[in-house]
Amino acid sequence: MTPPLSVIIPAYNEAVTFAGGALDAVAAYLERRWPGAELVVVDDGSTDGTADRVEQARARHPCLRLVRRPHGGKAAAVRAGVEAAAGEVIAFTDADQSTPIETLEPALACIVAGADVVIGSREAPGSARIKEPVYRHLMGRAFNQVVRLLAVPGIRDTQCGFKVFRSEAARDLFPRLVVYGPAAEPVRGPWVTAFDVELLFLARRRGWRIAEVPVRWRHVPTGHVRPLRDAWRMLRDVLRIRWYALRGRYGPPRTRDGPLA
């Protein structure tokens, strides 16, 4: 029987986060609110016992599955989760739950209403940013301006780590990633990248309908983010996406009702 919903959590060195109850909270919510859903945790080559924490949680939550892979970064981990997922709707969310799992409620309503891709937005009317440092907010706004100019005009927040897809859309998009596709350069450590921008650029190019939902996002301090280094890497990613598009690496645009090939 195909689960109606698959939720993916990419995890790199998240043992402390999971020990704090975040994984149990997500699993318990899914079991209570969406019976039959599956929670797929992709351990991205962690070195801190993350997989052990997930195995322990599996004994408490039958919805939970663990996928192990060598370290390849968030894009590779989410792609592995999509490949393993069996749901008709596929979502991914961050391990720290900075965007709460309850955001599934309005996101799935958008899917039912006809959207193919639903993204959490910290800039949409009704959203809230809690305890975000001022410098993070200003850097994020500047990056969003560049992204709208070069890649995905009209989308206010590409980087929120909460996204939901119809299964057909997810399986069409992830294999087509180039900057962060299967042949991408190795990722070292907890890199923050613009893989979400490439994903949404492709979604637009492939004719999938995108909707945004406001989120109540809470800043969670983490050693995974290094603002100056990450800002440069993400800018480079956006420029590469634009360059690859000009060179035809993403193929021709597809109309909404055109063939998937």
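This section describes the fold elements, the nonpolar cores and selected residues of a predicted model.

The protein chain contains 9 helices and 9 strands. Of its 261 residues, 52% are buried. Among contacts in the chain with a separation of 6 or more, 83% are between residues 24 or more positions apart. The chain exposes about 11700 Å², and carbon and sulfur atoms supply 56% of that area.

Strand β1, residues 5-11, is mostly covered, with 7 of its 7 residues buried. In a regular strand the side chains alternate between the two faces of the sheet. In β1, Leu5, Val7, Ile9 and Ala11 point one way, whereas Ser6, Ile8 and Pro10 point the other way, and all of these residues are buried. Two pairings of β1 are described here. With β2 the strand pairs in the parallel sense over 6 bridges, and Ser6 has Glu38 of β2 as its bridge partner. With β4 the strand also runs parallel, the two being joined by 4 bridges; here Leu5 has Val89 of β4 as its bridge partner.

Val40 lies in strand β2. Its relative accessible area is 0%, under the 20% limit, and Val40 is therefore classed as buried. Leaving aside residues up to four places away in sequence, Val40 touches Val7, Ile8 and Ile9, together with Arg65 and Val67. Val7, Ile8 and Ile9 belong to β1, the strand with which β2 pairs. Between Val40 and Phe92, which are 52 residues apart along the chain, the C-alpha separation is 9.2 Å.

The largest nonpolar core holds 44 residues, of which Val117, Phe174, Phe195 and Tyr250 touch the most other members. At least two residues of this core come from each of the strands β2 (38-44), β4 (89-92) and β5 (117-121) and from each of the helices α4 (74-84), α6 (134-150), α7 (167-173), α8 (195-205) and α9 (227-246). The largest contribution is that of α8, with 7 residues. Apart from this core lies another one of 37 residues, including Ala27, Cys63, Ala91 and Ala95. In soluble globular proteins, nonpolar side chains tend to be buried together.

Phe174, one of the residues of the largest core with the most contacts to other members, touches Val78, Arg79, Val82, Phe92, Phe165, Phe195 and Leu199 when residues up to four places away in sequence are not counted. Of these neighbours, Val78, Arg79 and Val82 are buried residues of α4, while Phe195 and Leu199 are buried residues of α8. Phe195 is also named with Phe174 among the residues that touch the most other members of the core.

Helix α4 is largely enclosed by the rest of the structure, because 8 of its 11 residues are buried. The buried residues are Ala75, Ala76, Ala77, Val78, Arg79, Ala80, Gly81 and Val82. They pack against the strands β1, β2, β3 (64-69) and β4 and against the helices α7 and α8.

Helix α8 is likewise mostly covered, as 10 of its 11 residues are buried. Besides the nonpolar residues Phe195, Val197, Leu199, Leu200, Phe201, Leu202 and Ala203, the buried set includes Asp196, Glu198 and Arg205. The helix is followed by Gly207, which has a positive phi near 80°.

Val197 is located in α8. With a relative accessible area of 0%, against a limit of 20%, Val197 is therefore classed as buried. Outside a span of four places in sequence, Val197 touches Phe143, Val147, Ala151, Thr158, Gln159, Val238 and Ile241. Phe143 and Val147 fall within α6 (134-150), and Val238 and Ile241 within α9 (227-246). The C-alpha atoms of Val197 and Asp237 are 8.6 Å apart, with the two positions 40 residues apart along the chain counted as their separation.

Helix α9 also includes Trp232. The relative accessible area of Trp232 is 55%, over the 50% limit, and the residue is therefore classed as exposed. Together with Leu235 and Leu239, Trp232 makes a nonpolar surface patch of about 310 Å². Helix α9 thus appears in two settings: α9 supplies at least two residues of the largest core, and Trp232, in this helix, is part of the surface patch.

Conventions:
Residues numbered from 1 in each chain as written. Predicted model: local features only at pLDDT ≥ 70, side-chain atom pairs only at ≥ 80, totals over all residues. Heavy atoms only, no water. Core = buried A, V, L, I, M, F, W, Y, C linked by side-chain atoms within 4.5 Å. Buried < 20%, exposed > 50% of the residue type's maximum accessible area, 1.4 Å probe, protein only. Contact = heavy atoms within 4.5 Å. Patch = residues over 30% accessible without salt bridge, like charges linked within 9 Å, V, L, I, M, F, W, Y side chains within 5 Å. Areas by Shrake-Rupley, 256 points an atom, 1.4 Å probe, with all protein chains shown as cover. Salt bridge = Lys/Arg side-chain N within 4 Å of Asp/Glu carboxyl O. Pairing = 2+ DSSP bridges.
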